[in-house]
Amino acid sequence: MRNMENDTDFASFVAWLRSVAPYVHAFRGKTFVIAFPGELVTAGGLAVLAQDLSLLHALGIRIVVVHGSRPQVEEQLALRNVEARFHNGLRITDPAALECAKEAAGELRLDIEAAFSQGLPNTPMAHAAIRVISGNFVTARPMGVIDGADLQLTGIVRKVAADTIHPILNAGGIVLLSPLGFSPTGEAFNLAMEDVAVTAAIALRAEKLIFLSETPLMHDAGGTDIRELSSHQAEAVLQANFLPPDAAFYLQSAVKACNAGVSRAHIVPFATDGSVLLELFTHDGIGTMITYENLESLREATIEDVGGILKLIEPLEADGTLVKRGRELIEREIHYFSVIEHDNVIFGCAALYPFPKERMGEMACLTVNPEVQAQGDGERILKHIETRARESGLTKLFVLTTRTSHWFMRRGFVPATVDDLPKDRQHMYNWQRKSLVLIKNL
């Protein structure tokens with residue numbers, strides 16, 4: 001603080017701190033599973049990562065760390081003159097290779113624990129006093145014979161001991177999981193880091209699964225950055241088969257986690273200093289985020305949905321929360337609407353009206369059935385509308401509301417004036433309702 005040279009530096013710092021505050025509030029008390037490959041350690045990134053994860057821990061985030069060990073296992077194999085064998089990209093783990101995997105995991109565990117034990121004054125981890133707990137939290141079984149090849153002691157995760165891990169997290173510890181698992185009969189198995197991370201995130205009902213990857217930011221077939229995908233979009237990318245194998249494996253793991261209930265999965269290149277912090281505390285991040293979206297329940301509306309939308313919004317029109325819309329108007333504007341349905345019953349909707357000249361869009365008629373409110377469906381509809389807006393080339397989203405301004409402000413909207421609206425929308429503004437104007441940058 002004292003090194004800031006002028007008022008501009010102070011103002012920039014204050015603006016930055018205010019900008020990250022909503023993320024701090026949103027993440028506090030949530031569980032993040034953060035996985036990184038052995039290549040991050042080889043690249044010398046462990047000490048800085050420990051500092052960044054310690055900062056997240058200090059903000060009240062519950063941290064589970066999963067490490068990989070591929071280059072370290074290769075090093076141990078070379079030292080022992082043991083040949084590395086693979087089948088379709090999967091390591092064949094014979095007893096000698098398993099000993100190498102154990103040796104590598106043991107050294108990495110000690111290195112990670114040492115990194116989190118830093119506490120010198122005038123360093124980012126001063127007075128941190130973080131406890132890292134590891135143990136036999138992962139139960140595994142052999143992968144078996146695949147396409148005629150016996151993978152021997154290569155395994156897959158059966159269970160992660162969530163009931164044991166939760167009390168450790170509640171007590172302020174960081175849990176460390178290695179890519180090794182154990183059977184009830186005492187056998188050890190070599191596991192994929194991604195398998196451990198995904199299973200842990202699902203078992204712990206994690207808010208986020210974050211892969212720090214050795215791969216660069218993913219690009220689509222045309223070379224455009226892939227910043228955000230729904231799980232079904234990610235599956236389409238995988239089917240198109242243009243990603244490098246390592247990137248595709250990370251994406252496949254992220255999709256599996258999201259489809260099983262993890263809210264967000266991130267694939268973040270670790271080459272950038274502070275990559276975890278940049279991904280979590282900046283609007284666009286620096287990696288690829290995957291979210292779950294059920295195509296059967298959240299979709300763009302069709303003419304058959306008009307009756308369901310009317311039934312949903314009529315009570316809110318009657319009490320003045322929404323502007324009245326007749327069937328004829330909704331039929332004409334149905335292509336602007338999106339709906340959530342369950343068992344063919346619509347229980348949520350919203351409309352996006354574009355103003356291409358100003359690259360702005362209005363979200364209107366956001367409604368969720370009162371019986372299912374507080375389940376996050378309003379949030380899901382908002383995210384869907386934001387995605388539609390971005391895909392249409394819009395850069396700002398605005399709402400006019402008389403009763404729900406706080407809900408929108410908690411989700412990134414800021415107060416504005418009628419003069420900030422597109423010119424055509426200014427002419428249609430109802431001065432009798434005196435709706436508040438809120439705008440969000442996309």
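Which residues does leucine 177 touch, not counting residues up to four places away in sequence? The points below address this question and the setting of that residue.

1. The model under review is predicted. Its chain contains 15 helices and 23 strands, and the C-alpha atoms occupy a box of roughly 80 × 60 × 45 Å along the principal axes.

2. Leucine 177 touches Val64, Val65, Val66 and His67. Its further partners are Phe137, Val138, Ile165, Val196 and Ala200, with residues up to four places away in sequence left out of the list.

3. Leu177 also belongs to the largest nonpolar core, which has 56 residues. Leu177 is among the residues with the most contacts inside this core, together with Val33, Ile165, Leu209, Phe211 and Leu251. Helix α9, residues 245–259, supplies the largest share of the core, namely eight residues.

4. A second core, separate from the one just described, comprises 32 residues. Phe27, Ile63, Ala115 and Ile174 are included in this second core. As general background, nonpolar side chains in soluble globular proteins tend to be buried together.

5. Across the whole chain of 442 residues, 46% count as buried. Of the contacts with a separation of 6 or more, 69% are accounted for by residues 24 or more positions apart.

6. Turning to the surface, the chain exposes about 22,500 Å², and carbon and sulfur atoms supply 52% of that area. The chain carries 41 positive and 53 negative charges, and the mean positions of the two sets are 7 Å apart.

Key
Residues are numbered from 1 along each chain as its sequence is written. This is a predicted model: local features need pLDDT of at least 70, side-chain atom pairs count only at pLDDT 80 or more; totals for chains, interfaces and linings use all residues. Side-chain values use heavy atoms; hydrogens and water are left out. Helices (H or I, at least four residues) and strands (E, at least two) are DSSP runs, numbered from the N terminus. Buried means under 20% relative accessible area, exposed over 50%, partly exposed in between (1.4 Å probe, protein chains only). Contact means heavy atoms within 4.5 Å. Accessible areas come from the Shrake-Rupley method with a 1.4 Å probe; for residues, only the protein chains shown count as cover. Lys and Arg count as positive and Asp and Glu as negative; His and the chain ends are not counted. The place of a charge is taken as NZ of Lys, CZ of Arg, CG of Asp or CD of Glu. A nonpolar core is a set of buried Ala, Val, Leu, Ile, Met, Phe, Trp, Tyr and Cys residues joined through side-chain atoms within 4.5 Å.
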